[in-house]
Amino acid sequence: MNKKKFVKGLRDGLPIGLGYLTVSFGIGIACHNAGLNAFQGFLMSFLNNASAGEYGGITVIAEDAGMITIILMMCIINARYLLMSCVLSQHLPFDTPLVWRLLIGFDVTDELFGIAIAETGKLNVWYYLGAMSVALPMWSIGTVIGILVGDILPAYAVSAFSVMLFGMFIAIIIPEGKKNKIVLGSIVISFALSYFASIIKPFRNLSEGMRVLILTVVISSVVAVLFPVKREN
C-alpha cells in the first residue's frame with residue numbers, strides 16, 4: 001500500500017464527495033417518489049454511482065418496467081463510462097493486477113476520471129482508491145438522507161426538492177452548449193422531440209423510460225453521423 005498516494009487521493013476526493021452528498025440528496029428524493037426504501041436506495045447508489053444513469057433507472061423502476069427495458073436503459077445511459085474505463089486502463093502501469101483494474105472500473109465517474117487523468121505519469125492505484133473510498137460512500141449516504149427526509153417532509157416540500165436533479169442536469173449541459181453550437185442545437189432538439197414524443201401517437205403510448213431510450217439512441221446517432229468530431233493529426 002502506498003500510504004502517501006492514498007492520503008492524497010482522500011484529500012482530492014473529499015471535495016468531490018461533498019458535492020456528491022448534496023447532488024445525491026436529489027436522487028434520494030426521486031427514490032422516495034418511486035417507492036424505494038432507504039436500504040434499496042443505498043444499494044442503488046452504491047452499485048450504480050451515476051447521476052443520470054441512476055435517475056434513468058429510477059424512472060423505469062417507477063413505471064414498473066420490465067427487466068429488458070432497465071438493462072437497455074443502464075447500458076445506453078452509462079455507455080460513456082466504458083470509454084472512460086478504456087482510457088484509464090492506458091494510464092495504469094502495465095503490470096497492474098486484474099483485480100485492481102476491476103475495482104477501479106467499478107467506480108468510474110466523470111469527476112474521479114477527471115482527477116485521475118490529471119495525475120502526471122502513470123496513475124497510482126492507491127491514489128484512485130483513496131479518492132473513491134471517500135466519494136462513493138458520500139454519494140450513497142446522500143441518497144439515504146434524501147429518502148429519509150422525503151419520508152417526513154410534507155408533499156409540497158418533496159415536490160419542490162424533486163426539481164433539484166433537473167437543475168443539476170441543466171447546470172451541466174448549458175455551459176457546454178454555450179461553448180459548442182452543435183451541443184446547444186442538440187439540447188434544443190432533444191427538448192423539442194421529448195415534448196412532441198409525449199403528445200404524439202404512437203410515442204405517447206410508450207413509457208417515459210422507453211421514449212428516453214429511443215430519443216437517446218436516435219439523436220446521438222444522427223449528430224454523430226452529421227457532425228463527427230475531427231481528429232487532430
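How many nonpolar, polar and charged residues are in the lining of the second largest pocket? In this predicted model, that lining divides by class into eight nonpolar residues, five polar ones and one charged one. The pocket itself, the second largest, has a volume of about 250 Å³. Its lining is made up of 14 residues, and those that lie nearest the centre of the pocket are N48, N78, Y81, G105 and F106. It helps to trace the lining back to the helices and strands of the chain. The elements that give two or more residues to it are α2 (38-47), α5 (79-91) and α6 (98-106). Of the elements, α5 gives the most to this lining, with four residues.

A second part of the picture concerns the cysteines. A disulfide is a covalent bond between the sulfur atoms of two cysteines. The structure holds zero disulfides, and two of its cysteines, C31 and C75, help to show why. To count as a disulfide, a pair of cysteine sulfur atoms must lie within 2.5 Å. For C31, the closest cysteine sulfur is that of C75, and it is 19 Å away, so the two are too far apart for a bond. For C75, the closest cysteine sulfur belongs to C86, at 15 Å, which is again too far for a bond.

The surroundings of these two cysteines can be described as well. C31 is buried, with a relative accessible area of 0%, whereas C75 is exposed, with a relative accessible area of 51%.

Technical notes:
Residues are numbered from 1 along each chain as its sequence is written. This is a predicted model: local features need pLDDT of at least 70, side-chain atom pairs count only at pLDDT 80 or more; totals for chains, interfaces and linings use all residues. Side-chain values use heavy atoms; hydrogens and water are left out. On a 1 Å grid over the protein atoms alone, a cavity is a set of points where a 1.4 Å probe fits but cannot get out, and a pocket is an open set with protein on both sides within 12 Å along at least five of seven lines; lining residues have an atom within 4 Å of a point. Grid points are joined across faces, edges and corners, and a volume is the space filled by probe spheres set on the points. Ala, Val, Leu, Ile, Met, Phe, Trp, Tyr, Cys and Pro count as nonpolar, Asp, Glu, Lys and Arg as charged, and the others, Gly among them, as polar. Buried means under 20% relative accessible area, exposed over 50%, partly exposed in between (1.4 Å probe, protein chains only).
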